[in-house]
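Here are some short exercises with worked solutions. Try each task before you read on.

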Amino acid sequence: MSEAWSKKLPTNMNHEVCGRIVIRPDRVRPFLERHPWVRATSIELIEGAPPDGSVVDVVSRQGKFIARGIFNSRSQIRVRLYTWQDQPLDEPFWRHRLESAIALRRQLGLDTPNGATRLVFSESDGLSGLIIDKYRDFLVLQVNALGFQQRLETIVGILQELLNPKGIIARTDMEIRDQEGITFESPVTWGNVPPGPILVQEHGLDVGVDLLSGQKTGLYLDQRDNRLAAARLVKGKRVLDMFCYTGGFSLVASRCGQAKEVWGFDSSEKAIVMARANAQQNGVTNTRFEVGDAFQTLKSLRQEEERFDVVILDPPKFASGKSTLPEAFRAYHYLNRLAIDVLNPGGYLVTCSCSGYVTREDFFNVLFGVSQQVGRDIQILEQRGAAPDHPVLVTCRETHYLKCFICRVL
Ligand code: SAH
């Protein structure tokens, strides 16, 4: 560990309860129902001046214990809740949570020596604010909560014991850093970390992943099964992969699905360089990857009368909160409309939304609106979600974020 990092460790690292958060009586229900995010608007009173990152109890106005979590005055999520029992949030607690999460992925057969899997998915694994992906022998942590920055040494120690990885990388997202008051300079590393991209296996392909500076933790593992589902439709067809990143859907379509030809576009030049390298690495010769904004590209393709048999849309999150929903709906509508404009009659649309605030029903309604506007029938064949290493926690609907609808458009 670097010295700069150890200097930034906070002094208050104990797990004693440092304060009480009294919830407004009219806002108490979600926490009784075990939703893990306490926002400022739900709080009536903060007792005991808890420091950011310290453990607090969430109680009713009558002082009755509801749950225990970690406080952060800087975050919109003032308290992240971890337990609804009177138990300490100490090393054995975190160890138990990590063990349970890892056991699931092993049971699913996803923890393979050469593959990649999400070992810990934040709220879904009772670890709000912590994501851990495993790529071969390396772990990449995405630290999305100040509480986990402060407990990083504990978490890393447990992971080293449980998994003995070659190297561990802790990263943060620029946007979330500011929202959470996270201060460490990302990435922080332990052990031997590869300086450049490594190869991991997915669906028999060798996929390059940059653990230190790829998007998020390196790959979008949530779409693993959807890439194969989409590939089932593409045999002998002309495919357009919008928001292709490093070529995930494209390569599986070409190799596993035997597509005739695949064009992939992404706004990130780095992603496109990697996509081309991935094609070459796997001897795939019928893909073409170009840098381009999806909206502009779709408009140009429409104008140039390029038409496709399958269009895949996997855009980034359009809605970051409830206030941005109307804008997000407009963007989803416009994007899907443009995609259908370049889709041959009877073609397939694989359309995704990863905004947690956009429900399945909302996304359905977007397609309804598009169908009305273009006057073409849309048949939904499959309504898919994220791969099972990204479980959906029923008490936290935001974990049900990924929608992937496979449709035929007449
Ligand atoms: N389908 C990919 C993951 C896509 S993630 C896979 O299977 O791996 C979303 C991608 O959208 C990112 O790669 C990001 O660089 C890209 N992106 C964001 N805004 C964009 C835009 N306006 N036009 C094109 N690509 C965009």
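**Exercise 1. A charged pair**

Task: In this predicted model, find the side chain that Asp86 meets in a salt bridge, and say where both partners sit.

Solution.
- Step 1. Start at Asp86. Its side chain forms a salt bridge with that of Arg68, with 3.0 Å from N to O.
- Step 2. Apply the cut-off. A salt bridge needs a Lys or Arg side-chain nitrogen within 4 Å of a carboxyl oxygen of Asp or Glu. The 3.0 Å of Asp86 and Arg68 is listed as such a bridge.
- Step 3. Place the partners. Asp86 is in the loop between strand E6 (77–83) and H3, while Arg68 belongs to strand E5 (residues 65–71). They are 18 residues apart, so the pair links distant parts of the chain.
- Step 4. Recall the principle. Side chains of opposite charge can pair when their charged atoms come close.
- Step 5. Widen the view. The structure holds 27 salt bridges.

**Exercise 2. Two domains in contact**

Task: Describe how domain 2 and domain 3 meet.

Solution.
- Step 1. Set the bounds. The domain assignment gives domain 1 (17–83), domain 2 (91–191) and domain 3 (220–409).
- Step 2. Take the spacing. The C-alpha centres of domains 2 and 3 are 28 Å apart.
- Step 3. Count the contacts. On the domain 2 side 13 residues take part, and on the domain 3 side 11.
- Step 4. Give the area. About 970 Å² is buried between domain 2 and domain 3, and carbon and sulfur atoms give 69% of that.
- Step 5. Check the polar links. The rule finds zero salt bridges across this interface. It does find five residue pairs in polar contact.
- Step 6. Name the elements on the domain 2 side. Helix H3 (91–107), strand E7 (116–121) and strand E8 (130–135) each supply at least two residues. E7 gives the largest share, four residues.
- Step 7. Sort that side by class. The side of domain 2 that touches domain 3 has six nonpolar, two polar and five charged residues.

**Exercise 3. Around the ligand**

Task: Which residues are closest to the ligand, and how many surround it?

Solution.
- Step 1. Count. The ligand is surrounded by 16 residues.
- Step 2. Pick out the closest: Arg227, Asp266, Asp293, Ala294 and Asp314.
- Step 3. Look at a side chain. Asp266 places a polar side-chain atom 2.6 Å from an oxygen atom of the ligand.
- Step 4. Turn to the backbone. A backbone N or O atom of Phe243 lies 3.0 Å from a ligand nitrogen. For Ser267, a backbone N or O atom lies 3.1 Å from a nitrogen atom of the ligand.

Key
Residues numbered from 1 in each chain as written. Predicted model: local features only at pLDDT ≥ 70, side-chain atom pairs only at ≥ 80, totals over all residues. Heavy atoms only, no water. Domains from an automatic or database assignment. Contact = heavy atoms within 4.5 Å. Buried area = accessible area lost by both parts, 1.4 Å probe. Polar contact = N/O pair within 3.5 Å; in protein donor to acceptor, adjacent residues only side chain to side chain. Nonpolar A, V, L, I, M, F, W, Y, C, P; charged D, E, K, R; others polar. Near = heavy atom within 4 Å.
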